[in-house]
Amino acid sequence: MNIAVIGMGIIGGSFCKALKKYTDHHIIGINRTQSTLRRAFDDGVIDEMGDEHSLSKADVIYLAVYPQAAIDYVEKYGHFIKKGSIVTDSSGIKEEICPKLTALSEKFGFEFVGSHPMAGKETNGYESAEAEMYEGASYIIVPCKAREESVRILSDLALAMKFGSIKLTTPEEHDRMIAFTSQLPHVLACAYVLSPCCPNHKGFSAGSYKDVSRVANINAKLWSELFMENRGPLIGELDTLIDNIHAITDAVKASDVKTLESLLEKAHKTKEMLGE
């Protein structure tokens, strides 16, 4: 197939590198910054340096850009997209963008399937992209109104890129669970490193500091957009976290060892039950 990847950052670049390494598909790269696109071509990561006119021959299109940028791009260039082709995104939110991209698919005659690769790094950009980044990771698919055949094609491509599993879900469940598994840890990490103790951590820290602070090396623009567009589920998770922190804080303030041990043991048993 002809596969177009829009955006040569860490996600799009890794799509291109994985597709190039593990499949025989023809990869078309499209990127705002031409120097990055040229580098990808020179590296052999893409077969063709494309633009919006290239969309007319693409069988599958990956929108590896920010959520609103994905919508804006399709609104502007949707008339170039080949009828019947499959368009997917890579965004960490779905309720905000799936209805809009589905409506655009009906307007321009392509099929939209929402998706979200559950992989990444603390660093960004084409330089951080790797063919192996998706190995063993979960690939979330939100079918929306797409045909089963389109979902199957995206699933097969994901498995070809060495994703470890495919998870089918709805926009609502996706955003609710991502608020807990992804967005809340980023909030926690950022709040943690804002402590005045953080600059002096060296010599006092080991694995715990590293585990909690790792994702605080954050792309502020992207994550602010993700937080705001998923603020309902995220606020719910933040409220739960704050309640739990208050419970522990109150036990410590009151020197209530029994309650404190009970809360910590409940957390321990939860992790133990999950086998993690």
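Here are some short exercises on this predicted model, each with a worked solution.

Before we start, local features need pLDDT of at least 70, side-chain atom pairs count only at pLDDT 80 or more, and totals for chains, interfaces and linings use all residues. Residues are numbered from 1 along each chain as its sequence is written, and side-chain values use heavy atoms, with hydrogens and water left out.

**Exercise 1. The sheet**

Task: Find the order of the strands in the open sheet, and name its edge strands.

Solution:
- Step 1. Strands are DSSP runs of E with at least two residues, and helices are runs of H or I with at least four, both numbered from the N terminus.
- Step 2. Two strands pair if DSSP finds at least two bridges between them.
- Step 3. The eight strands follow the order β3-β2-β1-β4-β5-β6-β7-β8, and their pairing is mixed.
- Step 4. At the edges stand β3 (48-49) and β8 (165-168), each pairing on one side only.
- Step 5. For a closer look at one edge, β8 pairs with β7 (residues 138-142) in the parallel sense over four bridges. Ile140 has Lys167 in β8 as its bridge partner.

**Exercise 2. Strand β1**

Task: Work out how covered β1 is, and how it joins β2.

Solution:
- Step 1. Buried means under 20% relative accessible area, exposed means over 50%, and partly exposed lies in between (1.4 Å probe, protein chains only).
- Step 2. In β1 (residues 2-6), four of the five residues are buried, so the strand is mostly covered.
- Step 3. β1 and β2 (residues 26-30) run parallel and are joined by five bridges.
- Step 4. Opposite Val5 stands Gly29 in β2.

**Exercise 3. Two helix pairs**

Task: Describe how α9 packs with α10 and with α6.

Solution:
- Step 1. Axes are lines fitted to C-alpha atoms, for helices over the stretch in contact, and angles run from 0 to 180 degrees between N-to-C directions.
- Step 2. Angles under 35 degrees count as roughly parallel, over 145 as roughly antiparallel, 65 to 115 as roughly perpendicular and the rest as oblique.
- Step 3. The axes of α9 (residues 231-253) and α10 (residues 257-274) cross at roughly 150° and come within 8 Å. Therefore α9 is roughly antiparallel to α10.
- Step 4. Contact means heavy atoms within 4.5 Å. Here Ala247, Ile248, Ala251 and Val252 of α9 meet Thr259, Leu260 and Leu263 of α10.
- Step 5. Now take α6 (residues 171-193): its axis lies 9 Å from that of α9, at an angle of about 60°. So α6 is oblique to α9.
- Step 6. The residues making this contact include Phe180 and Leu184 of α6 and Leu238 and Leu241 of α9.

**Exercise 4. Three single residues**

Task: Decide whether Ser105, Ile218 and Lys57 are buried or partly exposed, and list their contacts beyond four places in sequence.

Solution:
- Step 1. Ser105 sits in helix α4 (residues 98-108). Its relative accessibility is 7%, so Ser105 is buried. Ser105 is in contact with Phe110, Glu111 and Phe112.
- Step 2. Ile218 belongs to the loop between α7 (207-213) and α8 (220-229). At 25% relative accessibility, Ile218 is partly exposed. Ile218 touches His186, Cys190 and Trp223, and its C-alpha atom is 8.3 Å from that of Cys190, 28 residues apart along the chain.
- Step 3. Lys57 lies in the loop between β3 and β4 (60-63). With 35% relative accessibility, Lys57 is partly exposed. Its contacts are Asn2, Ile28, Glu48 and Lys82.
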